[in-house]
Amino acid sequence: QLSCLVRMLRLRGIPKDLDSYPKELLLFVSPSDYAATGSCVQYFLNLGEADLSVLQRESARRKELLWEALACLKVPGTRIDEEQAEILGGLVCELGGEHIRGSAGGLLKHLAQCESFLPDQEEAIRSVLSSGNTTFGPPEAWSASTLRELGGLVPVLDHSILQKIPK
């Protein structure tokens, strides 16, 4: 239905009130199509609120959207700051291990909202958490409230981290 709606919009021209349409529609509209209604940053802010599960995990379109977002936000390397993570929204779940490691814990609260992780992402999350250089501190100092804060990251924890957590 969404791709059909996009085809209709393209035939008539992208409307100026695109922000009033379902956010998932933006998954099928490029940032350049959106340029008439706003900036690429606004496009990705809106897209970050969309349900990305409309697109299959690891699909070419999801990857393309992530790389377009990183280019729009002028991310030069692998470090994503808090403001950029907020703009990425759900696209944070598409970031690879190099970005997770490069952001040194700054992405953890955003990643906790992801439904699942790829092996590379899991390894990067474990590496960052094991380092202790996060707002959570080292696993030896974690409490029950820390585990609640970790939320969706808890299933990623392996034995080497779990054994360090005080009973």
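**A friendly note on this helical model**

1. Let's start with one residue. Histidine 99 sits in helix 6. Please keep in mind as you read that this is a predicted model. Is histidine 99 buried or exposed? With a relative accessible area of 3%, histidine 99 is buried, because the cut-off for that word is under 20%.

2. Which residues does histidine 99 touch, once those up to four places away in sequence are set aside? The list is Trp67, Leu70, Gly77, Thr78, Ile80 and Leu107. Try finding each of these partners of histidine 99 in the 3D view.

3. Now look at leucine 150, whose place is in helix 9, residues 144-150. Leucine 150 has a relative accessibility of 0%, so it counts as buried. Leaving out neighbours within four places in sequence, its contacts are Ala112, Leu129, Phe136 and Trp142.

4. Here is a distance to check for yourself. Isoleucine 80, one of the residues touched by histidine 99, lies 70 residues along the chain from leucine 150. The C-alpha atoms of leucine 150 and isoleucine 80 are 19 Å apart.

5. Let's step back to the whole chain. How many helices and strands does it have? The protein chain holds 10 helices and 0 strands. Read from the N terminus, its elements therefore follow the pattern α-α-α-α-α-α-α-α-α-α. The C-alpha trace spans about 60 × 30 × 25 Å along its principal axes.

6. What share of the chain is buried? Of the 167 residues in the protein chain, 44% are buried, and you have already met two of these, histidine 99 and leucine 150. The chain exposes about 8900 Å², with 53% of that supplied by carbon and sulfur atoms. Among contacts with a separation of 6 or more, 48% are between residues 24 or more positions apart.

7. Next come the pockets. The largest pocket holds about 380 Å³ of space. It is lined by 19 residues, and those closest to its centre are Gly90, Cys93, Gln113, Cys114 and Glu115. Sorted by class, this lining has 6 nonpolar, 7 polar and 6 charged residues.

8. The second largest pocket holds about 190 Å³. Its lining has 14 residues, of which Leu66, Glu94, Leu95, Gly96 and Leu118 are the closest to the centre. Which elements give two or more residues to this lining? They are helix 4 (60-72), helix 6 (97-102) and helix 8 (119-131). Helix 4 provides the largest share, 3 residues. Helix 6 should sound familiar, as it is where histidine 99 is placed. By class, the lining of the second largest pocket has 5 nonpolar, 3 polar and 6 charged residues.

9. Finally, a word on enclosed space. How many cavities of 30 Å³ or more turn up in a search of the whole structure? The search finds 1. The largest cavity contains about 30 Å³ of space. Its lining is made up of Leu18, Asp19, Tyr21, Pro22, Lys23, Leu26, Tyr34 and Asn46. In terms of class, that gives 5 nonpolar, 1 polar and 2 charged residues.

Technical notes. Residues are numbered from 1 along each chain as its sequence is written. This is a predicted model: local features need pLDDT of at least 70, side-chain atom pairs count only at pLDDT 80 or more; totals for chains, interfaces and linings use all residues. Side-chain values use heavy atoms; hydrogens and water are left out. On a 1 Å grid over the protein atoms alone, a cavity is a set of points where a 1.4 Å probe fits but cannot get out, and a pocket is an open set with protein on both sides within 12 Å along at least five of seven lines; lining residues have an atom within 4 Å of a point. Grid points are joined across faces, edges and corners, and a volume is the space filled by probe spheres set on the points. Ala, Val, Leu, Ile, Met, Phe, Trp, Tyr, Cys and Pro count as nonpolar, Asp, Glu, Lys and Arg as charged, and the others, Gly among them, as polar. Helices (H or I, at least four residues) and strands (E, at least two) are DSSP runs, numbered from the N terminus. Buried means under 20% relative accessible area, exposed over 50%, partly exposed in between (1.4 Å probe, protein chains only). Contact means heavy atoms within 4.5 Å. Accessible areas come from the Shrake-Rupley method with a 1.4 Å probe; for residues, only the protein chains shown count as cover.
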